Amino acid sequence: MTSASPPRFDRSHTDDLAGYLTASPTPYHAVAEAARRLEKAGFTQLRETDAWDATAGGRYVLRGGALIAWYVPEGSAPETPFHIVGAHTDSPNLRVKPVPDTGSHGWRQIAVEVYGGPLLNSWLDRDLGLAGRLTLRPGATDAGAGAGTDAGAGAGTDADPGAGGGRGPGGGEVRLVNVDRPLLRVPQLAIHLDRGVVSEGLKLDKQRHATPIWGLGPVREGDLVDFLAAEAGVAPDDIIGWDLMAHSVEPPAYLGRDRELLAGPRMDNLLSVHAGVAALTAAAAAGTPPTTIPVLAAFDHEETGSQSDTGAEGPLLGTVLRRTVAARGGSYDDTARALAGSVCLSSDTGHAVHPNYPERHEPGHHPMPNAGPILKVNVNQRYATDGTGRGILATACERAGVPWQTFVSNNAMPCGTTIGPITAARHGITTVDIGVAILSMHSARELCGAEDPHLLAAALAAFLTE
């Protein structure tokens with residue numbers, strides 16, 4: 001038997017990614033954890049309802065499951081262009097319906113709605129937790145600490161909602177909750193009752209076959225709210241709204257003989273958010289010269305089209321960028337000049353060549369794990385990359401000393417899209433689509449090369465410090 005050889009890379013970044021994935025079962029937790037890391041690096045939060053000043057340094061804004069963070073070097077002129085890393089915080093999953101308590105034939109179940117385009121089969125027979133945010137009525141008070149509460153990220157403060165415990169537009173508190181233990185399960189039908197599943201394939205109806213079980217007995221209205229109130233340490237009557245979703249409780253893990261792969265949830269696209277936070281804090285620590293302003297834009301709702309106030313098609317990024325120019329005394333002309341000189345690297349996961357389905361890939365473009373970031377190209381503008389963008393990524397990777405590769409979809413297969421084309425069209429910013437090659441995209445548990453997260457972060461840091 002041959003002993004496993006040690007990995008060739010610095011595992012600390014990938015270890016940290018695993019911790020970030022575990023701490024971020026929802027977009028709201030993802031931005032709260034990102035905000036915590038930014039605060040530790042010296043960034044401070046700005047509220048959208050406050051006036052902004054021209055002070056140099058690191059700042060960030062939270063809105064729901066979205067985060068915009070930036071670092072203004074000393075001496076930056078109003079027309080200084082932005083270097084932006086774009087990503088998204090949401091992943092396909094199962095989300096709790098407004099009337100959640102359901103069940104039949106002696107089973108208690110939770111009614112869920114399918115969010116985005118998950119591989120539903122990957123959610124079957126998997127231990128699931130439940131996490132998200134609770135909206136409390138104004139004046140609500142704690143009813144005692146719950147065993148599973150996750151309300152420590154600013155609970156009870158006037159911080160913006162999204163960091164866990166902010167005040168919503170209606171004045172009520174928004175509190176994070178994370179039941180990170182086996183609670184739900186979507187059971188698959190036994191093969192004895194579905195003899196054709198092997199020969200004909202698994203066929204799932206989103207309405208009838210995706211409802212998880214969580215107990216036995218009669219259905220009782222208010223059951224889930226009572227349970228979550230106890231977890232969050234609040235009175236059930238004080239919960240007046242929620243945004244909740246299921247998540248796999250199996251932690252990320254290294255995989256393979258040489259542990260050169262990483263398996264885990266929500267890599268699409270928290271892998272890029274994590275790399276963006278690491279790159280932005282590195283740029284701030286490096287004392288970026290005042291020739292560009294590094295920015296991280298992490299949006300919600302990419303998996304459903306980005307059309308929301310926290311999505312890439314919404315006004316959040318443009319508003320923040322314009323306000324940062326105005327805070328430094330800039331005019332409309334200064335803003336236009338800044339945007340015209342700006343560049344965005346839209347970072348999202350892409351497809352590694354699948355060894356069992358190589359015919360589904362473009363023959364001349366087979367991205368591999370641990371071979372560096374991928375440049376994503378589609379001439380029909382499903383990706384925003386052009387020849388100029390190729391040069392931008394190549395330059396950043398050369399500066400960082402990391403390899404890179406190219407992804408193009410098979411002409412006979414429809415191509416997915418990202419926030420890249422939306423960002424380019426909405427803001428008139430030169431945009432390049434990049435990412436990390438993975439397998440099992442949109443599964444409850446995805447797979448990447450264990451070295452690639454570090455390589456991506458290094459390339460992004462080089463881009464942000466140009």
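Begin by selecting Gly 106, which sits in the loop between strand 5 and strand 6 (107-115). The model on display is a predicted one. Gly 106 counts as partly exposed because its relative accessibility is 43%, a value that falls between the limits of 20% for buried and 50% for exposed. Beyond residues up to four places away in sequence, Gly 106 touches Leu 216 and Gly 217. For a sense of scale, add Val 320 to the selection: its C-alpha atom is separated from that of Gly 106 by 52 Å, and the two residues lie 214 positions apart along the chain.

**Confidence**

Next, colour the chain by pLDDT. The mean over the chain is 91, and 92% of the residues reach 70 or more. Two stretches deserve separate selection. Residues 1-7 stay under 50, and the model gives them four contacts beyond four places in sequence. Residues 145-164 are also below 50, yet this stretch has 61 contacts in the model beyond near neighbours in sequence. Where pLDDT is low, the predicted coordinates should not be read in detail.

**The nonpolar cores**

In soluble globular proteins, nonpolar side chains tend to be buried together. To view the largest nonpolar core, which has 53 residues, select Leu 38, Tyr 60, Leu 67, Leu 280, Ile 434, Leu 460 and Phe 463; these touch the most other members. Then highlight helix 5 (residues 267-285), which contributes 10 residues, the largest share of this core.

Which residues surround Tyr 60, once its neighbours within four places in sequence are left aside? Its contacts are Ala 35, Leu 38, Glu 39, Phe 43, Thr 44, Gln 45, Leu 46, Leu 67, Ile 68, Ala 69 and Trp 70. A second core of 29 residues is separate from the first; Ile 110, Leu 120, Leu 228 and Val 234 are among its members.

**Enclosed cavities**

Rolling a probe the size of a water molecule over the atoms shows where empty space is left. A search of the whole structure finds four cavities of 30 Å³ or more. The largest has a volume of about 160 Å³. To centre the view on this cavity, select Ser 91, Pro 92, Asn 93, Trp 123 and Arg 266, the closest to its centre of the 22 residues that line it. Strand 5 (93-104) and strand 11 (239-248) are the elements that give two or more residues to this lining, with strand 11 supplying the largest share, four residues. By class, the lining of the largest cavity comprises eight nonpolar, nine polar and five charged residues.

Move on to the second largest cavity, which holds about 100 Å³ of space. Its lining consists of Leu 46, Trp 52, Asp 53, Ala 54, Thr 55, Arg 59, Trp 70, Val 72, Thr 324, Ala 327 and Arg 328. Leu 46 and Trp 70 belong to this lining and are also contacts of Tyr 60. At least two lining residues come from each of strand 3 (66-72) and helix 6 (316-327). The lining of the second largest cavity divides into six nonpolar, two polar and three charged residues.

**The largest pocket**

Finish at the largest pocket, in which about 780 Å³ of space lies. Select His 351, Arg 360, His 361, Met 413 and Met 441: of the 30 lining residues, these are the closest to the centre of the pocket. Strand 16 (350-351) and strand 20 (437-439) each supply at least two residues of the lining. What classes of residue make up the lining of the largest pocket? There are 11 nonpolar, 13 polar and six charged residues.

Technical notes: Residues are numbered from 1 along each chain as its sequence is written. This is a predicted model: local features need pLDDT of at least 70, side-chain atom pairs count only at pLDDT 80 or more; totals for chains, interfaces and linings use all residues. Side-chain values use heavy atoms; hydrogens and water are left out. A nonpolar core is a set of buried Ala, Val, Leu, Ile, Met, Phe, Trp, Tyr and Cys residues joined through side-chain atoms within 4.5 Å. Buried means under 20% relative accessible area, exposed over 50%, partly exposed in between (1.4 Å probe, protein chains only). Contact means heavy atoms within 4.5 Å. On a 1 Å grid over the protein atoms alone, a cavity is a set of points where a 1.4 Å probe fits but cannot get out, and a pocket is an open set with protein on both sides within 12 Å along at least five of seven lines; lining residues have an atom within 4 Å of a point. Grid points are joined across faces, edges and corners, and a volume is the space filled by probe spheres set on the points. Ala, Val, Leu, Ile, Met, Phe, Trp, Tyr, Cys and Pro count as nonpolar, Asp, Glu, Lys and Arg as charged, and the others, Gly among them, as polar. pLDDT is the predictor's confidence in each residue, from 0 to 100.
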